[in-house]
Amino acid sequence: MTTAVSAPLPQRICCIGAGYVGGPTMAVIADRCPAITVTVVDLNAARIAAWNDPDLSRLPVYEPGLDQVVGRCRGRNLFFSTAVEEAIAAADMVFLSVNTPTKTRGLGAGQASDLKWVEASARTVAKAAQGHTIVVEKSTLPVRTAEAVKAILGAGVAGKSFSVLSNPEFLAEGTAIGDLEHPDRVLIGGDDPAAIDVLAAVYAHWVSPERILRTNLWSSELSKLTANAFLAQRISSINGIAAFCEATGADVREVARAIGADSRIGPKFLQAGPGFGGSCFQKDILNLVYLCRHYGLEEVAAYWEQVVRLNTWQQHRIARLVVTRLFGTVTGKRLAILGFAFKADTNDTRESPAIRIARDLLEEGAQLMIVDPKVSERQIGLDLGQPAGEGEGSWRLVASVEAAALGADALLLLTEWEQFAALDWMAIAAVMRQPAWLFDARGRADEAAARAAGLNVWRIGQG
Ligand SMILES: NC(=O)c1ccc[n+]([C@@H]2O[C@H](COP(=O)([O-])OP(=O)(O)OC[C@H]3O[C@@H](n4cnc5c(N)ncnc54)[C@H](O)[C@@H]3O)[C@@H](O)[C@H]2O)c1
Ligand SMILES: O=c1ccn([C@@H]2O[C@H](COP(=O)(O)OP(=O)(O)O[C@H]3O[C@H](CO)[C@@H](O)[C@H](O)[C@H]3O)[C@@H](O)[C@H]2O)c(=O)[nH]1
């Protein structure tokens, strides 16, 4: 399955989709392969303008280290453009890195992936490409999507030819640059060995050959869904055990340490929390569930579906227990929300557990004072379905934890931003309304200091 590489490099790469994956992935390819000209294209002109912003702190994606990589390559061999067809025509390799969210209507609504952006971009490639083009699926796709991509490309004009590869991306947000520069593995699926060699030669600039895995197309597509399903399953497993710990007097941190020491289980991805968020886990598992049902595998579908159900339950559970501890009502009460991004070190809020928890508390009439170092007020308004405001059932974005705590009955730690780990609990407790609570859904706060400052503390998974 591994590969040694000596194939020619592509000269020009075009990536369709300048999002969280397309932008950082292409920046790292351009950085590591100065001989290749990489153009990232998108229909979203505002996003492309932000990628071209001379002020590198204003790139549309926040990732530690990304500004430096873009700073080194942009204008040299890395370009961002809205001229989609022009960039495709010039390229000998085209990556499809467009969004593949869950369908919201029609057949498979709520579970199947919406492939309209993949289809549209494949059609544009069919129209604009010249000569022979290697088309690389970078988006996460249902197994056997390459069949559809090939059919669309195959219907093009004579004189053009295509090879289709699957090359799913495993980066996690917040650590994208490190993940891209030092990947556990690069996966390339395909049935054209020469095309696989060309793509492998790109990665071979910085990834050792034994980490470049070759499979058939369908194994590659399915490995991506499976990896995410396994990772998310670990989180739902530990979150379920966290609730059990709370009921029985055990402590999930101790349980996680004890089971993680077993080398067959391993210590990673055992951090109990408010449930997994992010644009991928839920969407990819639901897609797996949909496909299993499509192939008549009801028991397999139900098994994976439970991972998502438990995750949703965990988010509602946390909102419910906040209300219960605050004497059964939060109507008109101020609650400080520490963190809105789905994890630390990203400005991404897609499927963030903070959204469901905040919505539940707004429904109960709470006044939420939200603090997050990277998420904008506009984005929170979109996520919560209402603009910032005052009074019962309202929210505001504030600049500091101290400002959020002013007059609040409770703080909810929902994102594990580094700055929330070392707060001045004496100063915070002094401005809160007593009796005051810290609900630490990430298990990251200095619990002893918070208690010493007079706060009641609830920590995830602590019995
Ligand atoms: N976000 C992650 O951490 C991550 C990690 C691994 C894999 N993935 C997968 O990668 C894919 C992209 O994810 P993302 O987070 O970068 O999405 P995104 O929404 O941030 O970016 C997708 C971009 O594609 C553009 N686009 C859509 N159709 C287009 C078209 N026809 N022509 C030109 N541009 C078009 C959109 O305008 C958008 O800017 C998804 O399939 C996702 O599941 C995401
Ligand atoms: O022990 C853990 C680990 C993670 N999380 C949460 O799980 C979610 C996802 O975290 P993470 O996987 O680190 O970030 P993503 O950017 O969503 O990355 C996942 O999804 C990507 C998109 O498919 C894949 O490429 C990555 O390999 C996969 O880790 C976040 O809400 C985390 O807070 C926990 O609650 N406990």
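Okay, one definition before we start: a residue is buried when its relative accessible area is under 20%, exposed when that figure is over 50%, and partly exposed in between. With that in hand, take Leu-115: its relative accessibility is 26%, so we call it partly exposed. And please keep in mind throughout that what you're looking at is a predicted model.

Let's stay with Leu-115 for a moment. You'll find it in the loop that runs between strand S4 (93-96) and helix H5 (116-128). If you want a sense of distance, pick Gly-71 as a partner: the two residues are 44 apart in sequence, and their C-alpha atoms are 33 Å apart in space.

Now for something on the buried side. Go to helix H1, residues 22-32. How many of its eleven residues are buried? Ten of them, so this helix is mostly covered. If you'd like to click through them, the buried ones are Gly-22, Gly-23, Pro-24, Thr-25, Met-26, Ala-27, Val-28, Ile-29, Ala-30 and Asp-31.

On to the rings. There are eight aromatic pairs in this structure. One of them is Phe-276 with Phe-281, which meet edge-to-face, with 5.6 Å between the centres and 85 degrees between the planes. Those two phenylalanines are both buried.

Another pair is Phe-439 with Trp-458, and this one is tilted: the centres are 6.4 Å apart and the planes sit at 45 degrees. What does that pair tie together? Phe-439 belongs to strand S13 (residues 437-440) and Trp-458 to strand S14 (residues 456-459), so the contact ties together parts 19 residues apart in sequence. Phe-439 has a relative accessibility of 2%, so it counts as buried. Trp-458 comes in at 4%, so it counts as buried too.

Rings can also gather in a group here. Phe-230, Tyr-303 and Trp-304 are linked into a cluster by ring pairs.

And some rings have a charge sitting over them. Find Trp-218: the charged end of Arg-144 sits over its ring, 4.1 Å from the centre. Then there's Tyr-62, where the charged end of Lys-374 sits over the ring, at 4.2 Å from the centre.

Hold on to Tyr-62, since it leads us to a pocket. The second largest pocket has about 220 Å³ of space. It is lined by 14 residues, and the closest to its centre are Leu-56, Ser-57, Leu-59, Val-61 and Tyr-62. Sorted by class, that lining has seven nonpolar, three polar and four charged residues.

Last stop, the closed spaces. How many cavities of 30 Å³ or more does a search of the whole structure find? Just one. The volume of the largest cavity is about 40 Å³. Its lining is Glu-137, Ser-139, Thr-140, Leu-141, Ser-166, Asn-167, Pro-168, Ser-220, Glu-221 and Lys-224. Helix H9, residues 217-248, gives the largest share of that lining, with three residues. By class we get two nonpolar, five polar and three charged.

Which domains does that lining draw on? At least three residues come from each of domain 1 (12-215) and domain 2 (217-463). So if you're opening the model for yourself, Leu-141 and Lys-224 are among the lining residues you could click on to find that cavity. That's my tour, thanks everyone.

Methods:
Residues are numbered from 1 along each chain as its sequence is written. Chains are lettered from A and ligands numbered from 1 in the order in which they are written. This is a predicted model: local features need pLDDT of at least 70, side-chain atom pairs count only at pLDDT 80 or more; totals for chains, interfaces and linings use all residues. Side-chain values use heavy atoms; hydrogens and water are left out. Rings of Phe, Tyr and Trp (its six-membered ring) pair if their centres lie within 6.5 Å; planes under 30 degrees apart count as stacked, over 60 as edge-to-face and the rest as tilted. Buried means under 20% relative accessible area, exposed over 50%, partly exposed in between (1.4 Å probe, protein chains only). Helices (H or I, at least four residues) and strands (E, at least two) are DSSP runs, numbered from the N terminus. A charge sits over a ring if NZ of Lys or CZ of Arg is within 6 Å of the ring centre and within 35 degrees of the ring normal. On a 1 Å grid over the protein atoms alone, a cavity is a set of points where a 1.4 Å probe fits but cannot get out, and a pocket is an open set with protein on both sides within 12 Å along at least five of seven lines; lining residues have an atom within 4 Å of a point. Grid points are joined across faces, edges and corners, and a volume is the space filled by probe spheres set on the points. Ala, Val, Leu, Ile, Met, Phe, Trp, Tyr, Cys and Pro count as nonpolar, Asp, Glu, Lys and Arg as charged, and the others, Gly among them, as polar. Domain bounds come from an automatic or database domain assignment.
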